Amino acid sequence: MKRILIPLFLLLCLACCRTAPFVAPALPHNPDYVADMEGNLDRAAGLFHCYEGVEGPQTPAPCGYKPFYVSHYGRHGSRRQIGSGGTEAYRILNEAAQADNLTPEGEALFQDVAKLYQPTVGMDGELTYRGGQEHQGIAKRMYKRFKPVFSKGGKVHCQSSMVRRCLVSMANFTGALWSQAPALEMDFITGEPTQEIIMHEYYEVGEELTEMRSHIMDSLFLALVNTDRLTGTFFKDASAIKGPRFAQHLFYIAADAQDLLVEAGPVDVFGHIPSEDLIGLSQFFNENYYIGMANSREGGAYVRWEAKWLLEDIVTRADQAISEGDRVADLRFGHDSAIMPLACLIGLDPIARSFPTGEAWKNGWYMWKYLCMGSNLQMGFYKNAKGNVLVKFLYNEQEVLIPALETSAPAPYYAWEDLRPYLLALCTDKSLNIP
């Protein structure tokens, strides 16, 4: 009997060690921009959409591998709008109200916009309550996902952009992580050298991209948004209103309503905007930020270049964590203009897929999904008794792949001995040497 039981036991162990075949996340088939919002109109906000916090299925690590280190980059959470994005639509509507130039729909819009304007006074671009909650949730789920990494303590190095919304995001994230694992030893840093690493400013050398972007987006805006219909909805005499400017500023503050849910209460500014123009504005901003920060055919080289310094830091610190063994995590907190270029440089699928500007939304590439508030990239490092290291990528808590990299490990895990030279080669790619 024992001779029979032992082989059966070994077969059972082998079955448990196998991982199910991993299938890369797919973009929608024959996408319908409206239908793919799945009844959640907040997603029309695109870049300003709040973090949904939906964790994807987790593929078990190969037999014998346990997580020991996490490398993380997170965009700040939900914030107030910046500059004229939070004030200009209010100013235009206020002036129209003083001149008795608002239609009944315009008056209703003005009342709702005023509710959103008030929490921005003196708080330009600052994190909202919802933004803090987003980071607390991400941290707690990361702890649960990689519990063996944090449960016994260890060093955690935390870097942040000098911008306050990122610092407050870091405070919320690390506070929540510390509440789960109080034995962790955390250190924190910010400053100009840190800023250069985690948010290198590619706009400084992107004049060519800026001009190209402006030309493309001006044409696309005219094709997607009927500003005469929009201004005619809200103003008795729209002749003095600059339609494109008003439409764009209205979208900015309307998109921010979901991020100010606690500070302003439930406010539905989107509901005031004619549906055709709301979708047009959403599609316009989807493409506007796609060319500026994602892997568009026109601007992808500029975008990927910006992430080289960050990727080098990720590899360097991972090497240190592997060799020294006392640091369990590197946590970085910054902006959309860093995390998206990073994902594109690495080649994460489907985030890094490249389309001509104006075609991304038609192919199911949506800002609300890939660059919402709180977007994050997590690299989980696993090790077996022999010291072999595997790495898994999660983008917005969904497992993703690198189609350009073949690896001996089962997907979505990559052998560090394969992944490391691939990442370093990206950092020295001469095609990314933007003058």
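This note covers one helix and two helix pairs.

1. The model is predicted: local features need pLDDT of at least 70, side-chain atom pairs count only at pLDDT 80 or more, and totals for chains, interfaces and linings use all residues. Residues are numbered from 1 along each chain as its sequence is written, and side-chain values use heavy atoms, leaving out hydrogens and water.

2. Start with helix 3, residues 104-117 (helices are DSSP runs of H or I, at least four residues, numbered from the N terminus). Its 14 residues should span 20 Å at 1.5 Å a residue (times one less than the number of residues). The end C-alpha atoms are 20 Å apart, which agrees.

3. Which residues of helix 3 are buried (under 20% relative accessible area, 1.4 Å probe, protein chains only)? They are Gly106, Leu109, Phe110, Asp112, Val113 and Leu116. These residues pack against helix 2 (88-98), helix 9 (227-234), helix 10 (243-255) and helix 11 (261-264); contact means heavy atoms within 4.5 Å.

4. Helix 2 and helix 10 pack at about 120 degrees, with axes 8 Å apart (lines fitted to C-alpha atoms over the stretch in contact; angles run from 0 to 180 degrees between N-to-C directions). The pair is therefore oblique (not under 35, over 145 or 65 to 115 degrees). Residues of helix 2, including Ile92 and Leu93, meet residues of helix 10, including Phe246 and Leu250.

5. Helix 14 (residues 308-324) and helix 17 (residues 416-427) have axes that come within 9 Å and cross at roughly 150 degrees. That makes helix 14 roughly antiparallel to helix 17 (over 145 degrees). Val315 and Ile322 are among the helix 14 residues at this contact, and Trp416 and Leu423 are among those of helix 17.

Notes
Helix = DSSP H or I, 4+ residues; strand = E, 2+ residues; numbered from the N terminus. Buried < 20%, exposed > 50% of the residue type's maximum accessible area, 1.4 Å probe, protein only.
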